[in-house]
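This report is for a reader who has not met this structure before. It covers helix packing, nonpolar cores and some points of the backbone.

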Amino acid sequence: MGLSEVGAALRERLPELGVRMAERIRAEVESYANESLIPFASLRESCEGNADLILRHFALGTEAGVRPALATGRLRAEQGVPLADTLHAYRVGFEFLWAQVVAEAPRHPQVTDAHLVAGSSEIWALFGRYAEAVAAAYREASAELALRREARRSALVEALFTGALAGSTTLWEVARQLGLPERGPYAVVAAAVPDPGEEPLPGIEAELGQAQLPSAWRLLPDEQIGLVALARGEAESVALKALRRRRARVGVSPRFDSLRDTPQALRFARLALAGLPGAGAGVARFDDSPLAMLVAAAPAEAARLVQLALGPLLELPDAERARLLQTLGHWFAARGVAAEAADRLYVHPNTVRYRLRRVEKLTGRSLSDPADLADLGTALHALRLMPR
């Protein structure tokens, strides 16, 4: 090979070349100048290893393997160096090495211009191979790191929701690692998953982050759950708007201040989700209807109450049953004002009063008795939440 003696001569200066190449890269690639990110000793070692293989190729005709390039690509990914900077550093290193070859060539009379032209073509072909190897190893390592980070983040989020921590880690340390404030107010969100593995709230963490509302989420087989920090005054309103835009079934806990209350808040959010009426999308806050939430917390007992309070009414033919239940519901919504309920139903107030008397007769309960009124109102809530 025409450049064999040049390669052999440069290999004798390998330690010096490794240092000079590392210094050149540091001078030309900004992220490589950060000693805490890439220690100089590590960079020098990488430069020397890559240069040795290339010079051995010229000196001995050996195959210039890409193992050092693969190792460098993986290492730079782990160090968090941008891929573009890593590839730039490789170009700087190859340019430096080729400049040394050109400078050394005049000391060897047998080296002709034709040898240098051929060598130039060869070294840039090698650069292409090395760059491909660096990029492939970098991307593979980045994917592995992303998976590990996601697994760790998922485990940390699980620790918040269960309160179960490993080792000496505290909830507040977990919060810091997740980018959450150490103190509230917070709220927990639980959203029903339409299909296993499908997020009901896609992009929610990014959107809340843009609104300066830090959050942490976990996707379960039947739910997507999240903890949202509500530091600003209008934070809850902003978060609720973002949730409603997803067109999902969502339950939201009351606000709370201590991370220790996260597991209980998750229970409240799940109750709010269970208490959401109908089958369509909607956002239910626990605080909006505590009675509905209590009913959702005890479905078996609620079903029993429905039978006790509304049993005879439920045995009526479908049309009459629906009419009486609708009237009773509008009367409750109108806070017991028959005229307002009549307006909602587009009927005469006397029609509402007649239907209410019919409800009292069928159920044996008086709408003027506070105890009977509480039973009927609770049973009506429970009936709305029961599966059809």
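In this predicted model, Asn50, Leu53, Ile54, His57 and Phe58 of helix α3 are in contact with Gly119, Glu122, Ile123, Leu126 and Tyr130 of helix α6. Sorted by class, the residues in the contact of α3 with α6 are six nonpolar, three polar and one charged. The two helices, α3 and α6, pack at an angle of about 140°, and their axes are 12 Å apart. That angle makes α3 oblique to α6. The crossing of α3 past α6 is right-handed.

Helix α3, which spans residues 40-60, also packs against helix α1, residues 4-11. Here the angle is about 140° and the axes lie 6 Å apart. An angle from 115 to 145 degrees counts as oblique, and α1 and α3 are therefore oblique to each other. Their crossing is left-handed. On the α1 side the contact is formed by Ser4, Gly7, Ala8, Leu10 and Arg11, and on the α3 side by Asp52, Leu55, Arg56, Phe58, Ala59 and Leu60. This contact of α1 with α3 holds six nonpolar, two polar and three charged residues.

The next topic is the nonpolar cores. Which residues touch the most other members of the largest nonpolar core? They are Leu3, Ile25, Tyr32, Ile54 and Phe94, in a core of 38 residues. At least two residues of this core come from each of α1, α2 (14-28), α3, α5 (83-104) and α6 (113-162). Another core, of 26 residues, lies apart from the largest one, and its members include Leu345, Leu367, Leu376 and Leu380.

Two of the residues named for the largest core can be followed further. Ile54 is one of the α3 residues that meet α6, and Ile54 is also among those that touch the most other core members. Ile25 touches Tyr32, Leu43, Cys47, Ala89, Val92 and Gly93, leaving out residues up to four places away in sequence.

Some backbone features remain. A positive phi is found at two residues that are not glycine, Arg247 and Tyr346. The table sets out their values.

| Residue | Phi | Loop | Relative accessible area |
|---|---|---|---|
| Arg247 | near 55° | between α9 (235-244) and β4 (249-252) | 64% |
| Tyr346 | about 60° | between α14 (338-345) and α15 (349-363) | 78% |

Exposed means a relative accessible area over 50%. Arg247 is therefore exposed at 64%, and Tyr346 is exposed at 78%.

Where is a cis peptide bond found? It joins Gly184 and Pro185, with omega of about 10°. Pro185 is in the loop between α7 (171-177) and β1 (186-192).

Arg267 belongs to helix α10, residues 262-274. Is Arg267 exposed or partly exposed? Its relative accessible area is 42%, so Arg267 is partly exposed, as the value falls between the cut-offs of 20% and 50%. In sequence Arg267 is 16 residues from Gly251, and in space the two are 10.0 Å apart, taken from C-alpha to C-alpha.

How values were computed: Residues numbered from 1 in each chain as written. Predicted model: local features only at pLDDT ≥ 70, side-chain atom pairs only at ≥ 80, totals over all residues. Heavy atoms only, no water. Axes fitted to C-alpha atoms, helices over the stretch in contact; angles between N-to-C directions. Helix = DSSP H or I, 4+ residues; strand = E, 2+ residues; numbered from the N terminus. Parallel < 35°, antiparallel > 145°, perpendicular 65-115°, else oblique. Left-handed = near helix turned anticlockwise from the far one by under 90°. Contact = heavy atoms within 4.5 Å. Nonpolar A, V, L, I, M, F, W, Y, C, P; charged D, E, K, R; others polar. Core = buried A, V, L, I, M, F, W, Y, C linked by side-chain atoms within 4.5 Å. Buried < 20%, exposed > 50% of the residue type's maximum accessible area, 1.4 Å probe, protein only.
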